Amino acid sequence: MRTQINIKYLDHPDIQEADDILRTCVHCGFCNATCPTYQELGDERDGPRGRIYLLKQMLETGDVSEKSQLHLDRCLTCRSCETTCPSGVKYGRLAEIGRDIMEEQLSRPADQRLKRWLIRKVLPYPHRFGFILRLGQLFRSFLPRDLKAQVPVKQITRPRPSQQHSRQMLVLEGCAQPSATPNTNNAAARVLDRLGISLIAAPDAGCCGAVSYHIPAHEEGLAFMRRNIDAWWPYIEAGAEAIVISASGCGSMVKEYGEKLKHDNAYAAKAKRISALTRDLSEILIKEDLEKLVVKQTNRKTAVHCPCSLQHAQQLGGHVEQILQRAGIELSKTQNGHLCCGSAGTYSLLQPTLSQQLLTNKINDLTIDNPDQIVTANIGCQLHLGSHASVPVKHWIELLDPQ
């Protein structure tokens, strides 16, 4: 693809990267075949190829329209197109750069600005989010059916092990997970304890930065990243083996800290080191001797939903299935595993109608073999699927944790 970037953007720190990505595209359209929004809407502008043209047009003419913004907003950034693309187009990164420029040039309507501001001021902060969630859980029985489905039932938690092993790994607690699904990291700690690994949480670490960065409020997101680096660094210097993340959406972001902070002289080297140490929970378990785990065998069939952030962003599709099969857990058949469930971070809040359509499709795809339960690897997917599924939805690590 030939490009001629408008002079007004030449000083943007990421414009050369955007130009290089644009030039990689060969217009083949393979990406549209695996794009959930294109499949759902059938509009070229709601597929990766069309959105690339819209971004190219903006960067060449310097003009931004509300229509272009709408089609970019509808993008899930699931990155299924990247897995499909034969030319290696980094569409997700191009969308990030384009959205940032678009946000600076085109003011949104007041209601959209308010909604995005509220998300940024609540969701990344565990105490704020936890307080609102507890209120919702307290009055859950009195809520309208659709709203009630969005409020997860309070989990009964069990303590983490107190024993300390020589092998120690950091764990990201996250922002929503401690309140909404505390069993995930608690179960991870107990399972890893039986494998001789201790999980350590840095008290000052928090949101990975994805919520703000993807809205997009890039500087705010980068501030969350720097805070986590500062919180983790003493533990890394003390010899922490890895940074384990049980939410694949957060993991995909932390693995990109080095890329996101490459222009920051004070943090670039540390960010690169953090990304190199970051592991999805499945990357740890798949290399361990699972015979040390005593997994309770049942006749319950389990459907696995592999989040987009795990299979497309981190390229770890199949890891969870391998681990569960090695543990003797029966997996049920599913279809269209490459398609997004519609959660996509804050997408379910910002694009609720399309998100619900994709959710209905995904539930149908996951239940073709009548599973007894569904497991996934990301809190957003877990809550989203759980709001609509007729069977329990859990994090996969809970199946390896003896009850």
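Which residues make the nonpolar surface patch of about 680 Å²? In this predicted model, the patch is formed by Phe-131, Ile-132, Leu-135, Leu-138, Phe-139 and Phe-142. Of these residues, Phe-142 sits in the loop that connects helix H8 (126–138) with helix H9 (145–150). Its relative accessible area is 70%, and Phe-142 is therefore classed as exposed, the cut-off being over 50%.

**Helix H13 and its flanks**

Helix H13 covers residues 218–237, a run of 20 residues. The distance from its first C-alpha to its last is 28 Å, close to the 28 Å expected at 1.5 Å a residue. The helix nevertheless bends by about 30° at Ala-231, and a proline, Pro-234, follows within four residues. Ala-231 itself is buried. The buried residues of H13 also include the aromatic residues Phe-224, Trp-232 and Trp-233, together with His-218, Glu-220, Gly-221, Leu-222, Met-225, Asn-228, Ile-229 and Ile-236.

Both flanks of H13 carry backbone features of note. Ahead of the helix, Pro-216 lies in the loop between helix H12 (210–213) and H13. The peptide bond that leads from Ile-215 into Pro-216 is cis, with omega near 10°. After the helix comes Gly-239, which has a positive phi near 105°.

**Strands S5, S6 and S7**

Strand S6 (residues 373–376) pairs with two strands. It is joined by 3 bridges to strand S5 (residues 302–304), and the two run parallel. Another 3 bridges join S6 to strand S7 (residues 393–395), again in parallel. Val-375 of S6 takes part in both pairings: Val-304 stands opposite Val-375, and in S7 the bridge partner of Val-375 is Lys-394.

In a regular strand the side chains alternate between the two faces of the sheet. In S6, Gln-373 and Val-375 point one way, whereas Ile-374 and Thr-376 point the other way. All four residues of the strand are buried.

**Salt bridges**

The whole structure contains 28 salt bridges. Side chains of opposite charge can pair when their charged atoms come close. Three of the pairs are listed below with the N to O separation.

| Pair | N to O distance |
|---|---|
| Arg-79 and Glu-82 | 3.2 Å |
| Arg-93 and Glu-96 | 3.1 Å |
| Glu-103 and Arg-108 | 2.8 Å |

How do these residues stand with respect to burial, buried or partly exposed? Arg-79 has a relative accessibility of 19% and counts as buried. Glu-82 is likewise buried, with a relative accessible area of 19%. Both values fall under the 20% that marks the limit for a buried residue.

For the second pair, the relative accessible area is 9% for Glu-96 and 9% for Arg-93, so both residues are buried. Glu-96 and Arg-93 belong to helix H6 (residues 91–105) and are 3 residues apart, which means that about one helical turn separates them.

In the third pair, Arg-108 is buried, with a relative accessible area of 5%, while Glu-103 is partly exposed, with a value of 25%. Salt bridges with shared partners also join Asp-14, Glu-17, Arg-79, Glu-82, Arg-93, Glu-96, Glu-256, Glu-259, Lys-260 and Lys-262 into one network. The first two pairs of the table thus have their residues, Arg-79, Glu-82, Arg-93 and Glu-96, among the members of this network.

**Loop residues**

The loop between helix H1 (15–24) and helix H2 (36–41) holds Cys-28. Cys-28 counts as partly exposed, at 34% relative accessibility. Cys-28 and Cys-85 are 57 residues apart in sequence, and their C-alpha atoms are 8.7 Å apart in space.

His-27 also lies in the loop between H1 and H2. Although His-27 is not a glycine, it has a positive phi of about 65°. The residue is partly exposed, with a relative accessible area of 32%.

Asn-336 is another residue that has a positive phi without being a glycine, with a value of about 55°. Asn-336 is placed in the loop between helix H19 (319–326) and helix H20 (347–350). With a relative accessible area of 35%, Asn-336 is partly exposed.

How values were computed. Residues numbered from 1 in each chain as written. Predicted model: local features only at pLDDT ≥ 70, side-chain atom pairs only at ≥ 80, totals over all residues. Heavy atoms only, no water. Expected span 1.5 Å × (residues − 1). Bend = angle between axes of the 7 residues up to and from the residue. Buried < 20%, exposed > 50% of the residue type's maximum accessible area, 1.4 Å probe, protein only. Patch = residues over 30% accessible without salt bridge, like charges linked within 9 Å, V, L, I, M, F, W, Y side chains within 5 Å. Areas by Shrake-Rupley, 256 points an atom, 1.4 Å probe, with all protein chains shown as cover. Salt bridge = Lys/Arg side-chain N within 4 Å of Asp/Glu carboxyl O. Pairing = 2+ DSSP bridges.
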